[in-house]
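Work through the exercises below with the sequence and the model in view. Try each task before reading its solution.

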Amino acid sequence: MTSIALITLSAPWMLAGIGLLTLPVVAHLMNRRSHRRVTFPTLDFLTAAAAAQSRLFRLRRLMLLLLRCMAACFIVLAFAGPLWVARGAPSVSEGRASGLVVIVDTSASAGRVEDGVSLMQSMRAAVSRTLASEAADLANVIEAGALPHAMHPVMTRSIETLRSDVATLEAGQGRADISAAIGLAGQMLASVNGERGVVIVSDMQATNWPDVQGLAASAAALPTGTRVKVVPVGESTTANVSVTVASITPSRPVVGASVRVVARVINQGALERRLPVTLEIDGRSHEEKALRLDGWQRGELVFDFVADRFGERAISVTVPDDVLTADNRGYGVVHTARHATVVVVSDEPAGVRGTASYFVERALSPRGEGGLAVRRVASSAVDGNVLRDASVAVVTGAGAMNRMSAERLYAFMQSGGGVVFFCDTAESAANAKLLDEVAQTPGGILPFTLTTRRQDAPTAATRIGDVDWSGTFLRGFDAVGRRQIGRLKFWRTWEAQGIRQGADPWMKFTDARPALARRAVGEGVCVMANFGVGQDDSDWARHGSFVVLMHGMIGQLERRWTGNDATVGTAVTIAVQGDGGQGLRVISPTDEDLREIVMRGAAGQQSVTIPATPSAGIYRAVLSDGTIAGMSAVNLDEREGDLRSVEPVALERAMTDAGAAAVEFMEASSGMGDHGLMLHGKPLWGWALVGAIGFFAAEMLIQWRWSR
Amino acid sequence: MKDVGVDDGNQNHGQYDLRVEDMAMLHGCRFTTRRPVLGHYTGRHASPLRGQSVEFADYREYLPGDDVSAIDWKVYGRSDKLFVRLFEHQSDMTVRLMVDASASMQFAGISPKQKNVEWATKYDHACRLASAIAWVVTRQQDRVGLGLASGGLATSLPARSSMPHMQQVLRMLKDATPRGVAGLASALRDMAEGAGRRGVLVVCSDLHEPMEPILESLDLYLHRGYEAIVFHVLHADELSLPDIGEALFVDSETGAKLRVNIADVRADYETRLTAVLERWASALVSRGIDHNIASTAEPIGKILGRYLRARESSTGRFTPSRV
């Protein structure tokens, strides 16, 4: 870079064009030494007329030559990229180097194609153009996907290499984490000691830029004085339809059970859409239904099928391709089990008659048979592997629960599992309090709060007083069963502080204390029983109505799979069926063998976690012999389907207002008026062109005036 | 365009033969003289002599020796005096053509040449003009002579009235090569020596020579009773300089050179040229000499036809008649 006083030339090699000055000079000489020779009758009049011309008039050609030379000089100067450098600004001559980081939005929405033109193609061109025009000394490009990363580990001086690398940029399937990308850019620019700039090339998808505060916090982390420019690419469009698998119920059906898949279709445009929605099972079309959606309407379609065989089933719902194909397919997984699994969390000795866990296990699986598989686990040993294939967990006869167990139970409920919590031990209050604590939810997660344990005399047992027979668990009771419940005796119960907001009290004791209540926790349900079923707690286990109650609850609490908890970029865990082994591999939806996986659990309870899923689809855990040991589905974030964009100016204003004061936002524009970040100073090439045009205009004006 | 010569039997004779359209324009024209002329034979033109003709001139008293038949007996009966009737003598006319054959007459213009457009020099134009006059004069059975001015009187033909002589005139025009200075004043003086008295002198020249000597030479003819007519032959590009930018101009006669941009000097040049033309016109008209600008942009027939008709209408004494 060459400096002329306070003017810096960003392309000094273009000064070689000064040779163009020879053109007007040669033209002048050729005109002056015109080879045209005219034999004229007499020169008397011409000589007299020529002699009468003024000296200025004879100097006209020299004046025109001067104007043409000046015009040529200014044109060459414009191509040399003159920049006006403010006094005191760092320059390369002082050992300072400017740095530029280009953040490219590679979210799923960048993969849209409109009228045959890929938005990603436009973004690649914009990035390449930016790198060329800014002409920074150091540069890097950050791909802002779900997990932003830089194309080069450090800032590079090889701009041309970087530009060629840009050609490999592709749209991902996650959401763009712009905040993280800006943070990464800040780390990159920290090593730059000259002017710093960040250019964000994005489709400005409105749903991708909602967190102004977060962006402002990230921008504030940029080095002071960093200039930020947002370059919008593509037009805001509202002609897209997205589909996801909203839920699969039950997620672990037994063979022969009916499975319900709910597909959620969102019309991300203003116009009414009529379109077919197809359910595919294991890649084969199973059923197609038509759907009509008004503008901006979301609708749900229900597909039913029978889980006819044991194992993993890949579910997908599709709509016809549109501008964004990535969101035209939603995924889910159905784990068809031979038996529904119920985990009994209890510290009581197994198989001891009269204990609560004994009665519960006998009610669920008499003589170890039936449609349910019961697994017993101690209250301190509850982990993800224990609950991974369970539909319901029943806590009864449990001692003091540790925090890990409480967290696992809470996570189990959050992901759609059902927990039946019998308050039948002295530690029940502490366990309930721990569950409320790990949830970190105001008001807790349990339906009511326990205070003190109450022991009634055998003759003064507490009885059920009020029952809401419309409750889903209690619909199965006939008149005999209902009468029987009225005669039940409860000797050990808990004083309670009343029903919490959001909880449904299905049964109350005669003194109005809650006896059985339900409360939704995340996608799952927690049912709390203010009694025990051991022989010292109540006599309910001795009656057949207890079996009805347990099966009613298990049937209604069966775990439901929801697609929202596994989106691209987040972690997903695959429960491995069988023994697993050393040869376990994870295959991505694009048939890539994923290396970054985390294996957990012992043989028989093994699971594998993918920390950051790169794309939407079905992830398969494959054993060394090719057997599929487990599958998990990952979907595109629904928000990626909304292709409406925000105005960069409004975003910049919001970020500035939010506190990104250290950042200087440049006006986003494109074309000839785009002055870039001015890392090396204020561009003067426009003025140089204006000067050249001015000289040409003056030359033409003089010619016109003199020709008259 | 087909050229038509004066002599139908010798169409290839010269390039300055009259064209059909020129002949059509000159068909009804007569070349007359405003002054009485002296000729060898009886003709159509007024003569200063008295003679036998139908035009009555005057009476005078009878003197011994007069033809008795000329006595007007009716006057004698009324006045008892003898008077004889005098009649005008009508003679044939001698027209002498002087054509400038200097190098400056070789100028053929400087405009870009266009396809299918004839590109004539000023000498061509002057020759066609002279040829047309010779043809008109010969057709009306008057005599025509020719002189070429190139460094003085380069060559000349005596005045005669016949078609063979007409062919000689054309041949002489064709064979001449314009070069050097004209020496028009000298040529006129030399031609005046054998010119006799009372005739018509027609000069076709660009007059790029000092004015005074030429005027003095013309005065010689005027003093001999000649009527003089000057056709000032100029090229269209000479009258209005075309826009050719800058060029090296070379004087055709002196070889002097001058580099000049036409746009720079055009206005001044035209002003000066116009002034000189007006001086020529003033000097010539004050001597009773007709001055006509003959631009190469105008056809010969148009120039000459317009002049001859104007001339006939202003003569007064002679009624134009068809040839």
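The exercises deal with confidence in this predicted model and with the contact between two of its chains.

**Exercise 1.** State how confident the predictor is in chain A, and find where pLDDT stays under 50.

*Solution.* Start with the whole chain: the mean pLDDT of chain A is 83, and 70 or more is reached by 88% of its residues. Next, look at residues 668-673 of chain A, over which pLDDT stays under 50. The model has seven contacts beyond four places in sequence for this stretch. Where pLDDT is low, predicted coordinates should not be read in detail.

**Exercise 2.** Describe the interface of chain B and chain A: how many residues are in contact, and what area is buried?

*Solution.* First count residues: 29 of chain B are in contact with 23 of chain A. Then take the area: the two chains bury about 2600 Å² between them, with 63% of it on carbon and sulfur atoms. Now turn to polar pairs. The rule finds zero salt bridges across the interface, while six residue pairs are in polar contact, both residues being at pLDDT 80 or more.

**Exercise 3.** Identify which elements of chain B supply two or more residues to the side that touches chain A.

*Solution.* These elements are β9 (246-251), β10 (257-261) and α8 (262-286) of chain B. Of them, α8(B) gives the most, with seven residues. By type, the residues on this side of chain B are 15 nonpolar, four polar and 10 charged.

**Exercise 4.** Find the strand of chain A that pairs with β9(B), and give the sense of the pairing.

*Solution.* The partner is β3 (residues 37-40) of chain A. The two strands run parallel, over four bridges. For one position, Thr39(A) stands opposite Val250(B) in β9(B).

Definitions and conventions. Residues numbered from 1 in each chain as written. Chains lettered and ligands numbered in written order. Predicted model: local features only at pLDDT ≥ 70, side-chain atom pairs only at ≥ 80, totals over all residues. Heavy atoms only, no water. pLDDT = per-residue confidence, 0-100. Contact = heavy atoms within 4.5 Å. Buried area = accessible area lost by both parts, 1.4 Å probe. Salt bridge = Lys/Arg side-chain N within 4 Å of Asp/Glu carboxyl O. Polar contact = N/O pair within 3.5 Å; in protein donor to acceptor, adjacent residues only side chain to side chain. Nonpolar A, V, L, I, M, F, W, Y, C, P; charged D, E, K, R; others polar. Pairing = 2+ DSSP bridges.
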